[in-house]
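Please open the structure in your viewer and keep the selection tool at hand. The tour proceeds stop by stop, with a selection to make at each.

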Amino acid sequence: MTTITRLCVARRYSEAAVFNGVVYLGGMVPEGGATDIRGQTADVLAQIDAHLAACGSDKSRILRTQIFLADIADIAAMNEVWDEWVAPGHAPPRATVQAALADPAWRIEIVVTAAVA
């Protein structure tokens, strides 16, 4: 039986789980206090970098990304930050949708699945 490793476990959720060589990140949301989409996107992407590293992976190993925007009109500004962050030649499959997020201050939430390095 393969072990499931969970990281940053809270009562209701884990921020990450690793199983069978795959990292599953929960929805990463802004924590740094930025209020615009560019700042919130940079905050979330930095968290993704940190969580992937803690799980033995990195952004070049992302298999799939789901991006939830509170307002789809933010997509162009979000893409500017995303394009600077994504590993050249390793842009992952991605879906981007508008969704009501749990906190009205959040402009973005990102879910990532990645291979362990």
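Begin by selecting the strands: an open sheet of six strands has the order S1-S2-S3-S6-S4-S5, with mixed pairing. Helices (H or I, at least four residues) and strands (E, at least two) are DSSP runs, numbered from the N terminus, and two strands pair if DSSP finds at least two bridges between them. At the edges are strand S1 (5-9) and S5, each of which pairs on one side only. From one strand to the next, the twist averages 10 degrees.

This is a predicted model, in which local features need pLDDT of at least 70 and side-chain atom pairs count only at pLDDT 80 or more, while totals for chains, interfaces and linings use all residues. Residues are numbered from 1 along each chain as its sequence is written, and side-chain values use heavy atoms, with hydrogens and water left out.

Next, select S4 and S6, which run antiparallel and are joined by seven bridges. Leucine 69 stands opposite isoleucine 108 in S6.

Add helix H1 (37-54). H1 packs on the sheet, touching S1, strand S2 (14-19), strand S3 (22-28), S4 and S6; contact means heavy atoms within 4.5 Å. The direction of H1 makes about 25 degrees with that of S6 (axes are lines fitted to C-alpha atoms, for helices over the stretch in contact, and angles run from 0 to 180 degrees between N-to-C directions).

Now select helix H2 (residues 75-85), where Ala77, Met78, Val81, Trp82 and Trp85 are buried. Buried means under 20% relative accessible area, exposed over 50%, and partly exposed in between (1.4 Å probe, protein chains only). Why do these buried residues lie on the same side of H2? They cover an arc of only 135 degrees around the axis, the arc being that of the directions from the helix axis to the C-beta atoms. Asp83 and Glu84, on the other side of H2, are exposed. The cover over the buried residues of H2 includes H1, strand S4 (62-69), strand S5 (94-98) and S6.

Select Ile48, Leu52, Ile108, Ile110 and Val112: these have the most contacts inside the largest nonpolar core, which has 25 residues. Such a core is a set of buried Ala, Val, Leu, Ile, Met, Phe, Trp, Tyr and Cys residues joined through side-chain atoms within 4.5 Å. Leaving aside neighbours within four places in sequence, isoleucine 48 is in contact with Leu25, Met28, Trp85, Ile110 and Val112.

Finally, select valine 116, in the segment after strand S6 (108-115). Valine 116 is partly exposed, with a relative accessible area of 25%.
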